[in-house]
Amino acid sequence: MKKTQGIYTLEDPNYSLEIEYQFFWDDGDYEQPPEGSLEIDKVYLSADDKTSDITDFYYDFLDDSIGNLVWEYAEENKNN
């Protein structure tokens, strides 16, 4: 399996959300389909010149709504 890591950022005029991730994938072949997995390492919220680690909050409340965006970004940028 191949691996890449990166940061997905959501910008808003009032805050910034940075999601550090690791993306693992196998391109597959004739016999095996492609597969991948995403691990979220840390999530930081920055607002008013303060940064907070909100990783637990992310998993409790945001993963369902933002997780697909991070997956798509990681998949698109896996070879960069």
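This short talk walks through one predicted chain, from its overall build to a charged patch on its surface.

Before I start, please keep in mind that the model is predicted, so that local features need pLDDT of at least 70 and side-chain atom pairs count only at pLDDT 80 or more, while totals for chains, interfaces and linings use all residues. Residues are numbered from 1 along each chain as its sequence is written, and side-chain values use heavy atoms, with hydrogens and water left out.

Let me begin with the fold: the chain has one helix and four strands, in the order β-β-β-β-α from the N terminus, where helices (H or I, at least four residues) and strands (E, at least two) are DSSP runs, numbered from the N terminus. The C-alpha trace spans about 50 × 25 × 15 Å along its principal axes, and of the 80 residues 26% are buried, meaning under 20% relative accessible area with a 1.4 Å probe and protein chains only.

Turning to charge, there are 5 positive side chains (Lys and Arg) and 21 negative ones (Asp and Glu), with His and the chain ends not counted, and the centres of the two sets lie 6 Å apart.

Which residues gather in a patch of negative charge on the surface? They are D26, D29, E31 and E35, a patch being made of residues with over 30% relative accessible area and no salt bridge, with like charges joined within 9 Å; a salt bridge is a side-chain nitrogen of Lys or Arg within 4 Å of a carboxyl oxygen of Asp or Glu. D29 sits in the loop between strand 2 (16-26) and strand 3 (35-47), and D29 counts as exposed because its relative accessibility is 53%, where exposed means over 50%.

Conventions:
Patches are made of residues with over 30% relative accessible area and no salt bridge: like charges are joined within 9 Å, nonpolar side chains (Val, Leu, Ile, Met, Phe, Trp, Tyr) within 5 Å. Accessible areas come from the Shrake-Rupley method with a 1.4 Å probe; for residues, only the protein chains shown count as cover. The place of a charge is taken as NZ of Lys, CZ of Arg, CG of Asp or CD of Glu.
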